[in-house]
Amino acid sequence: MAKRDYYEILGVPKDAPAEEIKKSYRKVALKFHPDRNPGNKEAEDKFKEAAEAYEVLSDKDKRAKYDRFGHNGVKGGHGHGGFEGGMTVEDIFSHFGDIFGDMGGGGSPFESFFGGSAGTRTRRGTGRRGANLRIKVKLTMQEIASGVKKQVKVKKMVACNVCHGSGAKDGSSFNSCPTCHGSGYVRKVTSTILGQMQTTSTCQTCHGEGQTITARCGNCSGEGKIYGEETITIDIPAGVNEGMQLSMSGKGNAGDRGGPPGDLIIQIEEVPHPSLKRVNNNDVVYDLYLNFADAALGITVEVPTIDGTAKIKIPPGTQAGKILRLKGKGIPSVESHYHVGDQLIDVNIWTPKNLTKEERDIMEKLRKSPNFQPSPEGGEKGFFEKFKDLLEGE
């Protein structure tokens, strides 16, 4: 069965701003929420469908690819829990809980279902999910071009090493919750003009765990977590960009009393290269400066590349603004390693600022030489033609 258009799923136009997309997703998610539609498989599927649409349209890069290529442009690219084909309701609460819990002043319609913001939705016997953690990782151009594994020490909340995250002094320090009688949920019946309406919400006494602690762990004061440090290996693919965010599931802060950990969000920072500039995502540019003599006579020069150096031949009569190209010497595409950018060499002719008397005499003799007179009618391309050739890859 063909997938529906993401904009159609959320009921927004293709030029909708981010805030409108966010509001529309909240509305659709509320309508098809599993707790409002218990046992309704169709509603659950629509709930998942809306989450998948929002996961793409809320991301600037993914939305641009979807607008251009449709579903094929983001196939296999869902970064939150592998949503495509494997999304669960718990994945949605885990990754988009802040959307549900950000509806203003404690008046969220979801509170009637969860007894609080949906961002802290819990299951019986499981504490609240830990907060996401954000870090920045600096990468050199060479690391970006090749991909790299980075080991980073992250200070965060980790599971208590005494109670192993339970928050209790020992295994016998638990009682069934007196409010929900161990279910983790409480039910409330409200009379309306349409009749009686039953809602289910997370128990506020045990926060959905179904049990209470009678004797707390002395090391973590019953929280099940303490402040600590973890060394994490991050596998960064080739071709990432400045500002791009990667996500590592379960590597964030530990949850309360055995609750699942949050995610680690890694933001990429590019360290400027001393000689090369990145353009068009995958190409790099080197500014080459030649003197008059070298440009007129031709010369072989050595230029820096991402992974070393390369020798290039400058033909006699090379003009300022000439663009030379080293195929495949750029940066791989993060979507496909089969596509690798080029290195572009922008030729500049260096004009000396201070001349000796001997140099001035030589230049005066050459000033009126016929070969030193500009002749653009000889077929030399102007700036716009050169820029067009650059974009077209000539």
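This is a short tour of some aromatic rings, a helix contact and two sheets in a predicted model.

**Stop 1: the tyrosines**

Start by selecting Tyr7 and Tyr66 and showing their side chains. There are 4 aromatic pairs by the rule used here, and Tyr7 with Tyr66 is one of them, a tilted pair with 6.1 Å from centre to centre and 40° between the planes. Colour by position along the chain and you'll see that this pair links distant parts of it: Tyr7 sits in helix H1 (residues 6–10) and Tyr66 in helix H4 (residues 60–69), 59 residues apart.

Are these two rings' residues buried or exposed? Tyr7 has a relative accessibility of 2%, so it counts as buried. Tyr66 is buried as well, because its relative accessible area is 5%, under the 20% cut-off.

Now add Tyr6 to the selection. Ring pairs join Tyr6, Tyr7 and Tyr66 into a cluster.

**Stop 2: where H3 meets H4**

Keep Tyr66 on screen and show helix H3 (residues 41–57) together with H4. Their axes are 6 Å apart and the helices pack at about 105°. That angle falls between 65 and 115 degrees, so H3 and H4 count as roughly perpendicular to each other.

Which residues make the contact? From H3, pick Glu55, Val56 and Leu57; from H4, pick Lys62, Arg63 and Tyr66. Colour them by type: the contact of H3 with H4 has 3 nonpolar residues, 3 charged ones and no polar ones. Tyr66 therefore turns up both in this contact and in the ring cluster with Tyr6 and Tyr7.

**Stop 3: a three-stranded sheet**

Switch to cartoon view and move on to the open sheet of 3 strands, ordered E1-E9-E8, with mixed pairing. At its edges are strand E1 (133–139) and strand E8 (245–248), each pairing on one side only. From one strand to the next, the twist averages 30°.

Zoom in on E1 and strand E9 (residues 264–270), which pair in the parallel sense over 7 bridges. To find one of the matched positions, click Lys136: its bridge partner in E9 is Gln267.

**Stop 4: a four-stranded sheet**

Last, select the open sheet of 4 strands in the order E10-E11-E15-E14, where the pairing is again mixed. The edge strands here are strand E10 (276–279) and strand E14 (323–326), and each pairs on one side only. The twist in this sheet averages 30° from one strand to the next.

How do E10 and strand E11 (residues 283–290) run? They're antiparallel, joined by 4 bridges. Finish by clicking Arg278, whose bridge partner in E11 is Val284.

How values were computed. Residues numbered from 1 in each chain as written. Predicted model: local features only at pLDDT ≥ 70, side-chain atom pairs only at ≥ 80, totals over all residues. Heavy atoms only, no water. Phe/Tyr/Trp six-rings, centres within 6.5 Å; stacked < 30°, edge-to-face > 60°. Helix = DSSP H or I, 4+ residues; strand = E, 2+ residues; numbered from the N terminus. Buried < 20%, exposed > 50% of the residue type's maximum accessible area, 1.4 Å probe, protein only. Axes fitted to C-alpha atoms, helices over the stretch in contact; angles between N-to-C directions. Parallel < 35°, antiparallel > 145°, perpendicular 65-115°, else oblique. Contact = heavy atoms within 4.5 Å. Pairing = 2+ DSSP bridges.
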